[in-house]
Every structure is written in C-alpha cells, then in structure tokens.
Amino acid sequence: MASVKDNIARWGELTHSESARLDTEILLGHILARGRAWLYTWPEYQLTPAQQSAFDGLLARRRRGEPVAHLTGKREFWSLRLKVDASTLIPRPDTELLVETALALCPQEKVRALDLGTGSGAIALALAAERPGWQIIAAERSGTALALAEENRRNLGFHNVEIHRSDWFAQLPPQRFALIVSNPPYIDSADPHLQQGDVRFEPRSALVAGRRGLADIEHIAACAGDYLEVGGWLLVEHGWQQAARVRKIFTAAGFIDVQSRRDYCRRERITLGTRGRIQPQLPAST
Ligand SMILES: C[S@@+](CC[C@H](N)C(=O)[O-])C[C@H]1O[C@@H](n2cnc3c(N)ncnc32)[C@H](O)[C@@H]1O
C-alpha cells in the first residue's frame, strides 16, 4: 500500500503533460474526495486497496492522454463548478475574457442575451451567475451537449437561463437580444494542434469549422443582425491569429464599432461589434 506522498511522487509518469504534478494531485484528490491542501496536510495517509486501484486506473488513462477534466468529470469555469464530458468542449480559462467583456459592455440589470453553441453551458451560466436579472437563452445543436448544459443549469439552480436545441439561429423563434455571445468552432481542419493534447478527446463538431476555421463565425455574423436590438452587441471568441479576418467579416456583415480585445498574453482573442447606436433622446421643443 502507498501513501499520499508516494502517489504524488508518481507525477513523473505523466511525461507528456505540461502540468504533470498538478494533474497527479487533482486525480488523487478526486479519488480521496479531498482538496489539494489536504494532500499536503496528510502526506502519510495510506490509500485503501480500492482507492489505490482507482487512482492507478486514472493515472494510466491520463498517461494515455485523456484530459483531467474527463477523468474527474468536472471543471471550474468563472466561479462555477461545471460537469463536463466528451460531448463538447472542456471550458477554457481563455473564454472568461468573453464573459468579462460582455459584462462590461452591458451593465444593465435587465438584458436579453443569447449564447450560441453553449456546450456545457459555461458562458450562459457565468453570465447568469453575475446578472440574476438577465434573461438568457442558450442554444446548442448537439443533443448530448444540450443535456449536459441543462444538467449544469439545474445543479447550479439558475432559473434565468433557457436552453434550446438549435442549429445556430435556425430553430430560434424571431426575437431580439441586447447581447449575442458565442465561442463557436474556429479551428482549421488542417491545424496540427488537433493531433495534440486534450483536443484529441473533444468532438470535432465543437472545434473545427470550414473555410480555414471561419465558416461558423461568418454564418453567425451574417444572421445576428436579425436578432439584435438597436445598439445590441455581438461578441465572438476566435483564434489569436484570426482577429483581422474576423473584423473584416463583422464589417462586411454591417457591424460598426468593430474591435478586438486581447487576453492576458496580449493576444487578440475576441471580436465585437454593434449594428447601430442608440440615438440620444432629443429634449422636447418648447
Ligand atoms: C468551441 S465549443 C464552445 C462550448 C462552450 N460555449 C464553451 O465556451 O465552453 C462550440 C460549441 O458549439 C456547438 N455547435 C457547433 N455547431 C453548431 C451549430 N451549427 N449550432 C449550434 N451549436 C453548434 C458545439 O456542439 C459546441 O458545443
């Protein structure tokens, strides 16, 4: 039988991982139902045979490259613990820039917002957590991802998010939003990164788009005008080398005030634009 300390020392087995020690601690904590601080407080704790065999199994799967989030079935996004599975993208910290920007753009308490391609529900649920007065529609094409988003919504107890099955806008009834956000698939099918790391275990339908990764962004930008209120904003996440092309797509689709925002690594990762400014109310003539 081995102790917590002996098991943490096995992180060297995860030779392919850039976060081998952290991965090992998260998997061990998951098996023991304890946080990482506990592991360091009780390094001499001896795992039971069942715990040891469960940990050995997870470590072996991680050695084969399976994402930690798939092994534990959960991932933190924003301030939320979300259930994750192989039906959609594992939420990334990069996407928090989209949430932050959306919240800064729309300080109002009552807003109708749409999250397209909601996946696990990450963006819609983060917005709902910060703005309980907003009414949020989350749309998703994949039935399994839709069920996951609904389960996350229920677990978190948010009543201001409705989840709909829709191929982008196609199945949504005509309506207007002050804010449309999306983290759509945007990877080029020839991108070699698709053969590396966690993305090998995520569905292609969540990652890859035609026309060098831009087909879905083009479609969303072309249709969004019919669903935006005057003065409403469209925000999309994209790859760090796609910003100039996405700005062109937005401008061609009739958006104004088009701009990209940088993440903490100074990379342009989201682009936004509006379809019209709200005209200032002129004072009534006397
Ligand atoms: C990059 S993932 C983003 C998931 C989640 N919004 C996030 O940020 O973690 C893209 C999502 O868009 C969904 N999707 C792909 N094509 C779609 C379509 N035509 N209509 C609606 N959703 C679509 C995928 O199933 C996937 O869940």
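Visitor: Of the 18 residues around the ligand, which come nearest?

Guide: T88, G117, E140, D167 and W168 come nearest, where a residue is near a molecule if one of its heavy atoms lies within 4 Å of it. This is a predicted model, in which local features need pLDDT of at least 70 and side-chain atom pairs count only at pLDDT 80 or more, while totals for chains, interfaces and linings use all residues. Residues are numbered from 1 along each chain as its sequence is written, and side-chain values use heavy atoms, with hydrogens and water left out.

Visitor: What makes the T88 side-chain atom and the ligand oxygen atom a polar contact?

Guide: A polar contact is a pair of N or O atoms within 3.5 Å. The polar side-chain atom of T88 lies 2.7 Å from a ligand oxygen atom, so this pair qualifies. Two further pairs pass the test: a backbone N or O atom of G117 lies 2.9 Å from a ligand nitrogen atom, and a side-chain N or O atom of N183 is 2.9 Å from a ligand oxygen atom.

Visitor: Now the helices. Why are helix 11 and helix 12 called roughly parallel?

Guide: Helices here are DSSP runs (H or I, at least four residues), numbered from the N terminus. Helix 11 (residues 215–224) and helix 12 (residues 243–252) pack at about 25 degrees, with axes 9 Å apart. Angles run from 0 to 180 degrees between N-to-C directions, and those under 35 degrees count as roughly parallel, over 145 as roughly antiparallel, 65 to 115 as roughly perpendicular and the rest as oblique. Helix 11 and helix 12 are therefore roughly parallel.

Visitor: Which residues make that contact between helix 11 and helix 12?

Guide: I217, E218 and A221 of helix 11 meet V246, I249 and F250 of helix 12, contact meaning heavy atoms within 4.5 Å. They divide into five nonpolar, no polar and one charged. E218 is the charged one, because Asp, Glu, Lys and Arg count as charged, Ala, Val, Leu, Ile, Met, Phe, Trp, Tyr, Cys and Pro as nonpolar, and the others, Gly among them, as polar.

Visitor: And why are helix 6 and helix 7 called oblique?

Guide: Helix 6 (residues 96–105) and helix 7 (residues 122–130) pack at about 40 degrees, with axes 10 Å apart. That angle falls outside the parallel, perpendicular and antiparallel ranges, so the pair is oblique. The contact joins L98, V99, A102 and L103 of helix 6 to I123, A126, L127 and E130 of helix 7, with seven nonpolar, no polar and one charged.

How values were computed:
Helices (H or I, at least four residues) and strands (E, at least two) are DSSP runs, numbered from the N terminus. A polar contact is a pair of N or O atoms within 3.5 Å; within protein, one must be able to donate a hydrogen and the other to accept it, and residues adjacent in sequence count only if both atoms are side-chain atoms.
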